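Trainee: Could we go through this model together, one topic at a time? I'd like to start with a single residue and then work outwards.

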Amino acid sequence: MTSLEIKPDKAHIVILSGAGISAESGIKTFRDSDGLWENHRVEDVATPEAWHQDPEMVLGFYNARRQQIRKAEPNP
């Protein structure tokens, strides 16, 4: 298994909410027709078993989310 180092960034706070509210800010939702679950099964990226099986893939999935969030602007 590959050793991954996760360094927390204490300079930023991210708040994730449900029900697609982030879509107004340009953040992909999970259930839209082009959403995040179209390319990934929840079991492959959002479970402890997925992390143990392929931590690099899971981390890559969430790193892509973080990159998208950094580019987003707040919505009303």
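**Talking through the model**

Trainee: What is the relative accessible area of Ile-69?

Mentor: Ile-69 has a relative accessible area of 22% and is therefore partly exposed, where buried means under 20%, exposed over 50% and partly exposed in between, with a 1.4 Å probe and protein chains only. Keep in mind that this is a predicted model, in which local features need pLDDT of at least 70 and side-chain atom pairs count only at pLDDT 80 or more, while totals for chains, interfaces and linings use all residues. Residues are numbered from 1 along each chain as its sequence is written, and side-chain values use heavy atoms, with hydrogens and water left out.

Trainee: And which element is Ile-69 in?

Mentor: Ile-69 belongs to helix α3, and its C-alpha is 6.5 Å from that of Ile-27, although the two residues are 42 apart along the chain.

Trainee: How many helices and strands are there?

Mentor: There are three helices and zero strands, so named because helices (H or I, at least four residues) and strands (E, at least two) are DSSP runs, numbered from the N terminus. Along the sequence the pattern reads α-α-α.

Trainee: What about confidence, and which helix has the lowest mean pLDDT?

Mentor: The average pLDDT, the predictor's confidence in each residue from 0 to 100, is 78 for the chain, with 67% of the residues at 70 or above. Among the elements, helix α1 (residues 42-45) has the lowest mean, 87, and helix α2 (residues 48-53) the highest, 95.

Trainee: Back to α3: how far does it reach from its first C-alpha to its last?

Mentor: Helix α3 (residues 55-71) has 17 residues and reaches 25 Å, close to the 24 Å expected, the expected span being 1.5 Å times one less than the number of residues.

Trainee: Which residues of α3 are buried, and what do they pack against?

Mentor: Pro-55, Val-58, Leu-59, Phe-61, Arg-65 and Gln-68 are buried, and the buried residues of α3 pack against α1 and α2, contact meaning heavy atoms within 4.5 Å. As background, an α-helix has 3.6 residues a turn, so residues three or four places apart point the same way.

Trainee: What sits over the face of Phe-61?

Mentor: Arg-65 does, at 4.8 Å from the ring centre; the rule asks for NZ of Lys or CZ of Arg within 6 Å of the ring centre and within 35 degrees of the ring normal.

Trainee: And how many aromatic pairs are there?

Mentor: The count is one aromatic pair, where rings of Phe, Tyr and Trp (its six-membered ring) pair if their centres lie within 6.5 Å, with planes under 30 degrees apart counting as stacked, over 60 as edge-to-face and the rest as tilted. The ring centres of Phe-61 and Tyr-62 are 4.9 Å apart and their planes are at 85°, so the pair is edge-to-face. Phe-61 is buried at 3% relative accessible area, whereas Tyr-62 is partly exposed at 28%.

Trainee: New topic: how many salt bridges does the whole structure have?

Mentor: Two, taking a side-chain nitrogen of Lys or Arg within 4 Å of a carboxyl oxygen of Asp or Glu. Arg-41 meets Glu-43 at 3.9 Å, N to O, and Asp-44 at 3.2 Å between the closest N and O atoms. Shared partners join Arg-41, Glu-43 and Asp-44 into one network.
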